[in-house]
Amino acid sequence: MLTGKFFVIGVTGGIAAYRALDLVSGLVKAGAEVHVIMTVGAQQFVRPLAFESISHNRVHIDTFETPPGWHYPHLELARQADMALIVPATANILAKLACGLADDLLTTTVLAMSCPVLICPAMNVHMYLNQVVQDNLSRLRRTGFKIVDPAVGPQACGDEGPGRLADVAVIMEKIKKVLEPKKDLIHRTVLVTAGGTCEPIDPVRYVGNRSSGKMGYALAETAVHRGAKVYLVSAPTRLAAPEGAHLINVETAEQMYQAVLELYPQVDVVIKAAAVADYRPRVAATQKIKKKEAGLVLELEKNPDILMELGKQKKHQLLVGFAAETEDVINHAREKVNKKNLDLLVANDVTQPGAGFGSDTNIVNILYPDGKVEPLPEMDKLALSEVIWDKVQQLMVDKKIYAAD
Ligand code: C5P
């Protein structure tokens, strides 16, 4: 589980700093790549050379010292990290992180991180129990930091109580727990649609759209990892099918309609991330249409609205739609939640940079049938797919939808 994972270990200035050596050693032995950041105070207790010898990497100390090929050390470390730990964490670093200060390499790096950050406090018992420190810890917990509680026992200063750094074995267990993939979709059968449909004009041309399929493929991949049986009904894309998903290739909206409706009775959730053409050429010519002097008029007819039909036939299933809008996003999306009988709708303004077609990231609002709108920050499509499955899983629990196992 730890092999190849990139860890950033922040060491701050407490007597327990030497115990971080054991943690770094354990991680390296388990096959992890470990980069240590030391504060000025930490270097009073342990020399950087000790960490360098064990981690086999240079210790990072200075915000303005850039290793070769790295433009910004804090952003590079934050980008690459799968997990960060602060071992030991002094009262000072807790206060700085709780306020969002960024006055050295460690604080600046942590502020830029999107990976899990585990904080392992260690300090004198009276400092630890001080209300200000406890308030900072609560704030950090609420913000999403994970805290490994200190152990209780005799302290280096002679006092006794909570404040000793947690055992390295306990910290290791916590690391494994955080990295453990969620398997909360086991026994669930889900259907994801992806890509943009192609509606034939003649044997060589079609009416299409700009969907890359990335969002739907990310949703399918995440669901496989979380243990679901996944049907991926995909209109043409350039993407490789996620390993473990049952791929059903389709081209047109009509074919997608047939495939989705056939699977519908046996699935618990449908997420319709595909961009389905609302119209198709009324007649698809059997031979290539020849160029003529005059213009060409294509007559279009309406495609079935797959999601609307799923909404009408809904029994136990949860239905999630996507709405790509270019104006008045929330109002248009709100209408769709009700009209299509959806449980969730993921709406995005595809004109925004960082959102929508082709991009690796997305900026969305999640809408619920009761009118609630939840805006989410710009996210990588894989990270967003995790959030969407979290919401779906929570809805299944709330609605007491039991998996058929
Ligand atoms: O109404 P609109 O096309 O904006 O709704 C978008 C949602 O409806 C998407 O989830 C899309 O997959 C689905 N849809 C569909 N069939 C159509 C058009 C859209 O299932 N013909």
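This is a dialogue between a learner and a teacher on reading a predicted model.

Q: Into which domains is the protein divided, and how many Å separate their centres?

A: A domain assignment splits a chain into stretches of residues. Here the assignment gives domain 1 as 6–179 and domain 2 as 189–398. The centres of the two domains, taken over C-alpha atoms, are separated by 42 Å.

Q: Which residues does I9 touch, and is I9 buried or exposed?

A: A residue counts as buried when its relative accessible area is under 20%. I9 is found in strand β1, and its relative accessibility is 0%, so I9 counts as buried. Leaving aside residues up to four places away in sequence, I9 touches L23, V24, L27, V34, H35, V36, I37 and L85. One of these partners, H35, is 26 residues from I9 along the chain, yet 6.2 Å separate their C-alpha atoms.

Q: How far apart in space are R47 and Q266?

A: Sequence separation and distance in space are two separate quantities, and both can be read from the model. R47 and Q266 are 219 residues apart in sequence, and 61 Å apart in space from C-alpha to C-alpha. R47 is placed in the loop between α2 (42–45) and α3. With 64% relative accessibility, R47 counts as exposed.

Q: Which residues of α4 are buried, and what do they pack against?

A: An α-helix has 3.6 residues a turn, so residues three or four places apart point the same way. In α4 the buried residues are P73, H74, E76, L77 and A78. These buried residues pack against β1 (6–11), β2 (33–38) and α6 (105–111).

Q: Where is T109 found, and what does T109 touch?

A: T109 is found in helix α6. Its relative accessible area is 1%, so T109 is buried. Not counting residues up to four places away in sequence, T109 touches I37, H74, L77 and A78. Of those partners, H74, L77 and A78 are among the buried residues of α4.

Q: At what angle do the axes of α5 and α8 cross, and which residues meet there?

A: Each helix is replaced by an axis, and the angle between the two axes is then read. The axes of α5 (residues 91–99) and α8 (residues 131–143) come within 9 Å and cross at roughly 50°. That angle makes α5 oblique to α8. The crossing of α5 past α8 is left-handed. On the α5 side the contact involves A91, L94, A95, L97 and A98, which meet V133, N136, L137, R139 and L140 in α8. By type, the residues of this contact are eight nonpolar, one polar and one charged.

Q: What else does α5 pack against, and what follows α5?

A: The buried residues of α5 are A91, I93, L94, K96, L97 and A98. They pack against β3, α6, β4 (117–121), α7 (125–129) and α8. After α5 comes G100, whose phi is positive, near 75°.

Q: How do α11 and α12 pack, and what is the handedness of their crossing?

A: The reading goes as before, with an angle and a separation. Helix α11 (residues 253–263) and helix α12 (residues 306–313) pack at an angle of about 25°, and their axes are 10 Å apart. Angles under 35 degrees count as roughly parallel, so α11 is roughly parallel to α12. Their crossing is right-handed. In the contact, A253, M256, Y257, V260 and L261 of α11 meet I306, E309, L310 and Q313 of α12. The residues of this contact divide into seven nonpolar, one polar and one charged.

Q: Which residues have a positive phi without being glycine?

A: Most residues other than glycine have a negative phi, and most peptide bonds are trans. H56 is one residue with a positive phi, near 60°. H56 sits in the loop between α3 (48–55) and α4 (73–80), and counts as exposed at 61% relative accessibility. D328 also has a positive phi, near 45°. D328 lies in the loop between β16 (318–325) and α13 (329–339). Its relative accessible area is 46%, so D328 is partly exposed.

Q: Is the peptide bond from V87 to P88 cis or trans?

A: The omega angle is the value to read here. For the peptide bond from V87 to P88, omega is near -10°, and the bond is cis. P88 is placed in strand β3 (residues 83–89).

Notes. Residues numbered from 1 in each chain as written. Predicted model: local features only at pLDDT ≥ 70, side-chain atom pairs only at ≥ 80, totals over all residues. Heavy atoms only, no water. Axes fitted to C-alpha atoms, helices over the stretch in contact; angles between N-to-C directions. Helix = DSSP H or I, 4+ residues; strand = E, 2+ residues; numbered from the N terminus. Parallel < 35°, antiparallel > 145°, perpendicular 65-115°, else oblique. Left-handed = near helix turned anticlockwise from the far one by under 90°. Contact = heavy atoms within 4.5 Å. Nonpolar A, V, L, I, M, F, W, Y, C, P; charged D, E, K, R; others polar. Domains from an automatic or database assignment. Buried < 20%, exposed > 50% of the residue type's maximum accessible area, 1.4 Å probe, protein only.
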